[in-house]
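Biologist: I have the two-chain model open and would like to go through it with you. Could we take a few side chains and then the interface?

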Amino acid sequence: MDEWVRQAEVWVGHAERWIRQQPPEQIYAAVAVIAVTILLLVAVSCLKSSKPNTIVLSGLSGGGKTILFYQLRDGSSHQGTVTSMEQNNDTFVLHSELERKGKIKPVHVVDVPGHARLKPKLDETLPQAAGIVFVVDAQDFLSTMQAVAEYLYDILTKATVVKKKIPVLIFCNKTDKVTAHSKEFIKKQLEKEINKLRESRNAISSADITDEVKLGNPGEAFNFSQCQNEVTVAEGAGLTGNVSAVEQFIREYVKA
Amino acid sequence: MDGPTAYHNLRGPSPIVWAMRTRLAPPPPLTDPPPLPAVPPPLPPPQPERRRRGRPRKCDRLPPPPGFFSSPAQAPTLPAPRLPHGQGQFGGLQPHVLQIDAGEEIIPKITSLWKINGRFICVLSVHGAVQEATLLLSSGVTSNYKGPLEIIRLFGSILTSNDHGCLRVTLASADSSVIGGIIAGPLIAATPVQAIVASFDGDAYWPNKTPKIIAHYPNQFTVSNGSTRSSECTNPVYASCTAVEQNESSEPPAAVVVVVIVFFFFPLSSPTRHPRRIHRSDRSKVRFDMLEELLIFTRGGLILWSSCRALGGAALRGSPIDALIRSCLLEERSADASFSQDTYALKWTFNNDLGLVFVAVYQRMLHLLYVDDLLAAVRKEFSQIYDPKRTSYDDAFNEIFRQLHLEAEARTEEMKKNKQLTGSRPTKPVANKTAPGARTGSQGAAARKNSDSGKDDSDGDSAKEPNGTSKGQQNGLKDNSHARDVVVNGKENGDPNDGAFDVNKLNKLRKNKAGKKNDVAANVAKNVSKAEPKKNVKKNRVWDDAPSNKKLDFTDPADERGDEVIDQVVVTQGESMMDKDDVMSSDSEEEEEEDGEENAGTAQKKKGWFSSMFKSIAGNNVLEKSDLQPALRALKDRLMTKNVAEEIAEKLCESVAASLEGKKLGSFTRISSTVQTAMEEALLRILTPRRSIDILRDVHAAKERGKPYVVVFVGVNGVGKSTNLAKVAYWLLQHNLSVMLAACDTFRSGAVEQLRTHARRLQIPIFEKGYEKDPAVVAKEAIQEATRNKSDVVLVDTAGRMQDNEPLMRALSKLINLNSPDLVLFVGEALVGNDAVDQLTKFNQKLADLSTVPTARLIDGILLTKFDTIDDKVGAALSMVYISGAPVMFVGCGQSYTDLKKLNVKSIVKTLLK
């Protein structure tokens, strides 16, 4: 042990002598370079860990996610859409903000296909999400209600969503149609359905469902305010470009 | 005892109605269009009535195909006497009379009805006056009208599943002018308004089953009003509606007569021959009717270009494209040749590198020959102008498409001429294959060589070069530049389209050259006579030329044409020596080709590993079929060792190949790993259930309706139906549900006792009637009993049966259709290999074929038993799910009651690819 200490002292002495031999400017420069590098690294990691700017558009197939995506990006629904097979994602400044002066932070929007077979894709995008827009077809709501509730339940119980408290906006689409349901109605029905789901899902035993989080307060009828993350309901119509609710939501969680 | 009757009414027509229906008109078959002649032509209603009936016909071309229009028999004119009939056909068409007071809004009243009972709605008649109306006019303008307006008629229907509730109204104003349009805002009653509205069940709604009415209407419209149409296109939903509306309002009275005549004429003429007749007489009009639509969209779902929108033409009824994506492309069936939805047939091709999908839609009965050609050509041209940032290609692509379409059509025309020349009808693939050969104008042998080489998928261009003619080379070069594009429909007629197209184009220029036609004729004849030997050759090469082999499997055009091939062969059997000669030559040619391939391979090797290394680092390596082949074969073998049925493994690999071909390989990635990830994704997608498998919730929902939830267990002998039924019962009991067993295995001795033992151990009631009873009746009584004593779930055990045993399958079909259970659970053992495919297909097929009602129940879910015995050979799960599309709901994995699990999709995928 003593031997090692002596050895170390010798080395330290050597190093000291060597440093004294160097011109001081060189040493200062070296120190400066190292300091700047470290600072840069810290800054980069800070930026990275700072607020994510991804908004995930989710919901069942046929709800109007892709239309919404293009409304946000280009302010037009182009020539219509068909069922998506892959996700659309792009980083852009919202179309409605193009005219605004000054530098605006672009948003990364991901439109996840809603087909049931492609549900696993959602898991890949959720960890980076700053907010989730859950698109509901307000016109065809009654017939798809159960599936919608189930999908929403899946999202709300995802561990990442609960842990990071990712806000969810339930966007009732297609309200330009005469037969569309109101957002209050949809909210109430979804809460009711989720309440039912809570019972049946918690009951699943010996299932390999992972990261299951209990939703709401037990023994109490479920409503969205019980969620740890913020869940809001809004309405609009992607086809006619009435998507201000979504834009507002995005800007609330991805600061310009 | 009112339980059963109420039950019956809800589920289907009562026996009396049923009997009436069969007397009035036979129940429409599943696949055929439902008979229009619900109205026999010689009905006596006055002319205006007919006109009204004729009108909605045009609306059939709208995206919302309202059930209301699909059968004019339900027209408002004769509701009372026809009601029983209507009920039978429409799953309980119920009339409702709504009284709307002055000052109230009319539409919410009507829609509220739909919200109350959740059934589809059609408006039969409304009379009264309105004080305010907001209408979307044919010009695309929305305008508001005030003042007392008399309702002339208000009709339309609200279909929840289709998201177009399209109600239209025609109003008479005080100065006796008529306004009509789509209701786009409040419609407020001025006087008390009486509305007669009918609601009908969702399952009675058959979209698009009516035959197409008349071909040239939409074209007339686009010709006359093309300019306005383009302005409306900004609102895609309303555009189509307004289009028809406009047609209606601008129509001269003479058109009414046309409508009536057509309407009466149509039921008499066979729908299959109708369009062809038009085709003969007036080609220019029919042009866009033959090809309904050609659509280009990204994999993300954005429509980039559509022939309907750009060039005019009617919108498709229903949404066949969405159906294609959902039930074909996303189900890993994209290697199929074509897809049919209702009256449409669809073909598609991908450009994987750019992520584009090209879909052509046409009437199924038309057997368009040029679609493959056209798709390949469109893909080629469009890929050149595609730019990811651009979203509208109307200006740039319209003209190109018109050109391509004309060319493709000219080619088919020419093919027909060739056909006439030879005095026979060469089959489509043969004709196609001849085309390149004939066009190069070289000698017969060379031409044959060319046509044969075209048959081979990947190296069509490399083999073309030895042809020697300058034209051939030119084509080869042209092809080369686009070799990365993939034609998925390769199955039906190989890949020669790509080549054929260019050669054809060139040839058209040289159309007038003399001596040509004889040449062609000779070639065709030779090729025809060669048809049989070719088939023999293919049988030997199952592993790689399966596409052309499978051609015969498809019911679409290929099928009948395949038969024709055989006919041809019989006709030309006299030349058998020639044939043999050809066999030899074609055989040797194939060998040559393979040699050529190898040569190319060695040539590549000569280029050295450095360049290939560089390529892989640069990551600009375009994947070609030949690159994928070894990796896919290895993968297929691996899947098969995991007990995946061979057929399924093959199909999956093809589908993965189709999705990868033409893609650029990333830097530092190997082909095998790329294929592996693609396959992993595909498997994950297949095994992820399409519908909810949360039985408990469904049980609770049924409980709220006050009915028991009925599960029928079906399967072959000895797979463990009763055992797993007991496990499911135990699982349900654990969740505080009351369960009842129904012993409907009245065939195997000891079956009832076995179930009784389970029931005793689980302390649950069992419904049994001994042996030799009709199981369908036993099940029915069991369900009645359960309703009476308020059981939540009824588990019906059935006798095991082999899928080929028709009497037993018929009995099963009866049981299922009589009792309409909530869940038909197929019990299959995980040990099964290739037979899984057979079992499930046959069960599903028999259930559909042998059912007496038009909407047959199929298998809803799968219970996989003996899962603990198979170690890592989990392939049966994949086979079963792929073939039936039904999810695995439970997995039985042991001997005790608790050994029931859910399928862990991720671990299965991992095991399959291990």
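Biologist: Is B:Asp838 buried, partly exposed or exposed?

Modeller: Bearing in mind that this is a predicted model, B:Asp838 comes out as partly exposed, with a relative accessible area of 25%.

Biologist: And which side chain does B:Asp838 meet in a salt bridge?

Modeller: B:Asp838 pairs with B:Lys842, at 3.1 Å from N to O. Both residues belong to helix H36 of chain B, where they sit 4 residues apart, about one turn of the helix. B:Lys842 is likewise classed as partly exposed, at 23% relative accessibility.

Biologist: How many salt bridges are there over all chains?

Modeller: The count comes to 30 over all chains, and 6 of the salt bridges are found across the interface of chain A and chain B. One of those joining the chains is between A:Glu86 and B:Arg299, whose closest N and O atoms are 2.7 Å apart.

Biologist: What about A:Glu150, which residue of chain B does it pair with?

Modeller: A:Glu150 meets B:Arg697 in a salt bridge of 3.0 Å, N to O. A:Glu150 lies in helix H5 of chain A and B:Arg697 in helix H31 of chain B, so this pair joins two chains. Both A:Glu150 and B:Arg697 are buried, and they belong to a network of salt bridges that also links A:Glu193, A:Lys196 and B:Glu704.

Biologist: Now the interface as a whole: how much area do chain A and chain B bury between them?

Modeller: They bury about 4,700 Å², with 53% of it on carbon and sulfur atoms. In chain A, the residues that lose the most area to chain B are A:Gln79, A:Met85 and A:Arg117, which together account for 21% of what that side buries. In terms of contacts, 47 residues of chain A touch 59 residues of chain B.

Biologist: How many residue pairs are in polar contact across the interface?

Modeller: There are 15 such pairs, counting those where both residues have pLDDT 80 or more. The side of chain A that touches chain B has 14 nonpolar, 18 polar and 15 charged residues.

Biologist: Different topic: where is B:Ile179, and is it buried or exposed?

Modeller: B:Ile179 is in strand S6 of chain B, and with a relative accessible area of 10% it counts as buried. Among the residues that B:Ile179 touches are B:Leu135, B:Leu137, B:Tyr145 and B:Val169.

Note on methods. Residues are numbered from 1 along each chain as its sequence is written. Chains are lettered from A and ligands numbered from 1 in the order in which they are written. This is a predicted model: local features need pLDDT of at least 70, side-chain atom pairs count only at pLDDT 80 or more; totals for chains, interfaces and linings use all residues. Side-chain values use heavy atoms; hydrogens and water are left out. Contact means heavy atoms within 4.5 Å. Buried area is the accessible area (1.4 Å probe) that two parts lose on being put together, summed over both. A salt bridge is a side-chain nitrogen of Lys or Arg within 4 Å of a carboxyl oxygen of Asp or Glu. A polar contact is a pair of N or O atoms within 3.5 Å; within protein, one must be able to donate a hydrogen and the other to accept it, and residues adjacent in sequence count only if both atoms are side-chain atoms. Ala, Val, Leu, Ile, Met, Phe, Trp, Tyr, Cys and Pro count as nonpolar, Asp, Glu, Lys and Arg as charged, and the others, Gly among them, as polar. Buried means under 20% relative accessible area, exposed over 50%, partly exposed in between (1.4 Å probe, protein chains only). Lists of a residue's contacts leave out its neighbours within four places in sequence.
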